[in-house]
Amino acid sequence: MFNPNELQVDTSYYTYLMDGMVALLWYCIRRQCHLGMQVSFVLLRGDVLCACIGVQTYGVSPEGHDTGVRVYNSLTRRKDPLIVGRADAASWYSCGPTVYDHAHLGHACSYVRFDIIRRILTRVFGYNVIMVMGITDVDDKIIHRASEMNMSPASLANLYEEEFKQDMAALKVLPPTVYVRVTETIPQIISFIEGIIANGHAYSTAQGNVYFDLQSRGDKYGKLVGVVPGPLGEPVDSDKRHASDFALWKAAKPQEVFWASPWGKGRPGWHIECSTISSLVFGSQLDIHSGGVDLAFPHHENEIAQCEAFHQCKQWGNYFLHSGHLHVKGKEEKMSKSLKNYITIKDFLKTFSPDVFRLFCMRSSYRAAIDYSDGTMLEAKHLLLVVAAFVEDARAYMKGQLVCGPIRDDVLWERLCHTQEAVKAALADDFNTPAAVDAIMDLIHHGNRQLKARTKEPGGPRSPAVFGSIVSYIKQFFETVGISLADRQVCPALLVLLVVEELVRFRLKVRLFALATEAATREAGRQQFLDRRPLLEACDTLRQDLAAHGISIKDRSSTSTWELLDHRTQDHKPGS
Ligand SMILES: Nc1ncnc2c1ncn2[C@@H]1O[C@H](COP(=O)(O)OP(=O)(O)OP(=O)(O)O)[C@@H](O)[C@H]1O
Ligand SMILES: [Zn+2]
């Protein structure tokens with residue numbers, strides 16, 4: 001028996017062993033040792049490797065319809081073909097927010113990334129998604145915050161749930177097929193707990209709590225995370241049988257919100273809500289389950305234990321998808337309410353558009369950790385402007401307003417075809433959006449090269465069709481992932497940042513011109529310096545004037561940088 005509270009996720013063994021095997025393989029290749037090569041190849045296969053180090057991989061291969069996508073499944077810890085139960089639809093449960101405060105960019109990142117995946121699954125691979133999202137509208141954090149704000153937990157939760165939905169709509173995240181609140185499903189949660197008790201996997205206590213009995217799961221606990229069991233802990237100050245058992249039902253403390261139950265007044269534990277809500281809609285089989293990587297353990301692990309104990313099945317959820325965390329650039333910790341290092345979605349959207357945020361998300365794998373900074377946002381913004389400018393030029397060419405020399409349309413048709421294949425292959429490979437975006441940008445680069453061959457002479461053969469085809473493909477690609485190329489509105493705050501960037505660049509040119517020492521003699525050099533001194537003075541004045549607006553320019557030998565004091569994070573943000 002082991003204590004999951006003391007489990008440590010140990011990936012270091014895996015990494016060392018992997019490095020060792022790669023080194024062995026490389027050594028054998030160089031020495032042409034065929035036996036060694038075969039051995040290291042076999043060991044490098046993830047499943048054998050896991051068996052070698054005692055980390056079990058789980059996962060019953062699902063039966064059903066192959067979507068054509070390979071997806072990284074946290075259950076098997078490898079990319080598997082995504083096979084769903086029905087030919088026309090995939091069932092998907094998404095853990096929703098705990099509604100006790102404003103949603104921030106970390107939340108936005110997780111939900112936007114999964115929204116992009118959902119759209120790809122539907123619009124590229126033809127699988128409709130039935131998505132259920134649970135809303136945690138009662139828990140310790142909500143109760144605590146509500147008492148701080150002198151409100152009822154229900155009103156507080158209501159307020160932030162509405163705000164969350166508005167934020168998601170502003171980010172163009174498609175709403176789930178249905179939202180289900182925990183407080184709407186208390187009777188179902190109670191029945192679910194009764195079912196787990198009846199199946200011998202949970203117990204109630206004299207204090208009115210119900211706990212999941214982890215010992216009853218045997219070695220089936222720990223499916224999601226490679227874990228090294230720690231020693232069995234004794235329960236401390238608790239009515240649990242074992243320290244590792246987790247709460248399904250919590251007896252109400254004085255003054256706390258409660259519901260009546262067979263075990264007395266109380267409320268549900270966190271993990272049981274998602275198990276119940278998902279089972280309420282999808283029963284004992286679920287295709288996809290998603291959430292941020294912090295939810296894998298213990299939340300999803302416990303959901304699996306509860307569902308498989310309730311449904312008495314070998315495998316409840318077939319694919320667990322986990323998104324990487326958003327960090328503030330240069331910081332170790334994730335963006336989080338408790339760490340007070342967050343930017344709310346509302347504040348962010350005062351400066352950048354939802355399309356810029358989407359493109360920012362697409363430039364890394366949904367599984368990767370991602371750094372937020374104004375600089376990375378400006379890069380995404382710039383990329384969108386490049387796309388929009390190309391579409392505009394291509395349209396002008398089609399209308400005959402932009403006159404170019406002969407176009408190599410055979411090259412462009414071939415490029416278009418290649419891009420379409422590359423994009424589809426990238427998306428089928430664990431929704432590899434950065435590779436898809438690169439392929440699109442490459443197509444634009446080739447299109448721009450042909451459009452650049454401008455001439456003043458009208459006449460000559462024209463190739464509008466290929467540009468028409470490229471434009472409609474690119475528009476369709478961006479629409480698929482929820483980015484609109486029409487109505488490019490530049491929000492005023494962003495415009496200011498772009499103007500400052502241009503201004504600093506212009507000032508740098510002037511400054512370098514004023515400081516240049518190209519005169520032949522020392523006397524001529526002195527005269528040149530005196531002549532150009534007013535330019536340097538103007539540069540200094542501009543620096544002082546901008547400093548008064550919180551924009552600080554720093555001159556270094558051959559370059560200038562600028563930064564502004566960002567009131568949202570209280571950090572200095574680099575501007576260039
Ligand atoms: N910085 C982040 N980056 C990516 N995803 C995040 C981040 N913070 C939270 N999430 C994800 O957002 C979803 C909703 O999270 P939840 O409401 O439980 O917030 P939370 O994790 O408690 O946030 P906080 O730490 O700010 O209190 C979860 O899937 C969670 O993993
Ligand atoms: Zn959940």
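**Empty space and the ligand site**

In this predicted model, the largest cavity holds about 120 Å³ of space. That cavity is one of five in the structure with a volume of 30 Å³ or more. Its lining is made up of 15 residues, and those lying nearest the centre are Tyr111, Met131, Met133, Val173 and Leu174. Three elements, α4, β5 (128-136) and α6 (153-170), each give two or more residues to this lining, with the largest share, four residues, coming from α4. In character, the lining of the largest cavity comprises 11 nonpolar, two polar and two charged residues.

Turning to the ligand, ligand 1 sits in the largest pocket. The elements with two or more residues in the shell around ligand 1 are β4 (89-98), α4 (105-123) and β12 (286-292). Here α4 gives the most, with four residues. Helix α4 thus appears in both settings, as it also supplies four residues to the lining of the largest cavity. The shell around ligand 1 divides into six nonpolar, 10 polar and four charged residues.

Among the 20 residues around ligand 1, the nearest are His104, Asp294, Leu326, Met335 and Lys337. Several polar atom pairs can be picked out along one stretch of the chain. A polar backbone atom of methionine 335 lies 2.8 Å from a nitrogen atom of ligand 1. For serine 336, an N or O atom of the side chain is 3.0 Å from an oxygen atom of the ligand, while a polar backbone atom of lysine 337 is 2.5 Å from a ligand oxygen atom. Of the 600 Å² that ligand 1 exposes when taken alone, the protein buries 95%.

Terms used: Residues are numbered from 1 along each chain as its sequence is written. Chains are lettered from A and ligands numbered from 1 in the order in which they are written. This is a predicted model: local features need pLDDT of at least 70, side-chain atom pairs count only at pLDDT 80 or more; totals for chains, interfaces and linings use all residues. Side-chain values use heavy atoms; hydrogens and water are left out. A residue is near a molecule or strand if one of its heavy atoms lies within 4 Å of it. A polar contact is a pair of N or O atoms within 3.5 Å; within protein, one must be able to donate a hydrogen and the other to accept it, and residues adjacent in sequence count only if both atoms are side-chain atoms. Accessible areas come from the Shrake-Rupley method with a 1.4 Å probe; for residues, only the protein chains shown count as cover. On a 1 Å grid over the protein atoms alone, a cavity is a set of points where a 1.4 Å probe fits but cannot get out, and a pocket is an open set with protein on both sides within 12 Å along at least five of seven lines; lining residues have an atom within 4 Å of a point. A molecule sits in a cavity or pocket if more than half of its atoms lie within 2 Å of its grid points. Ala, Val, Leu, Ile, Met, Phe, Trp, Tyr, Cys and Pro count as nonpolar, Asp, Glu, Lys and Arg as charged, and the others, Gly among them, as polar. Grid points are joined across faces, edges and corners, and a volume is the space filled by probe spheres set on the points.
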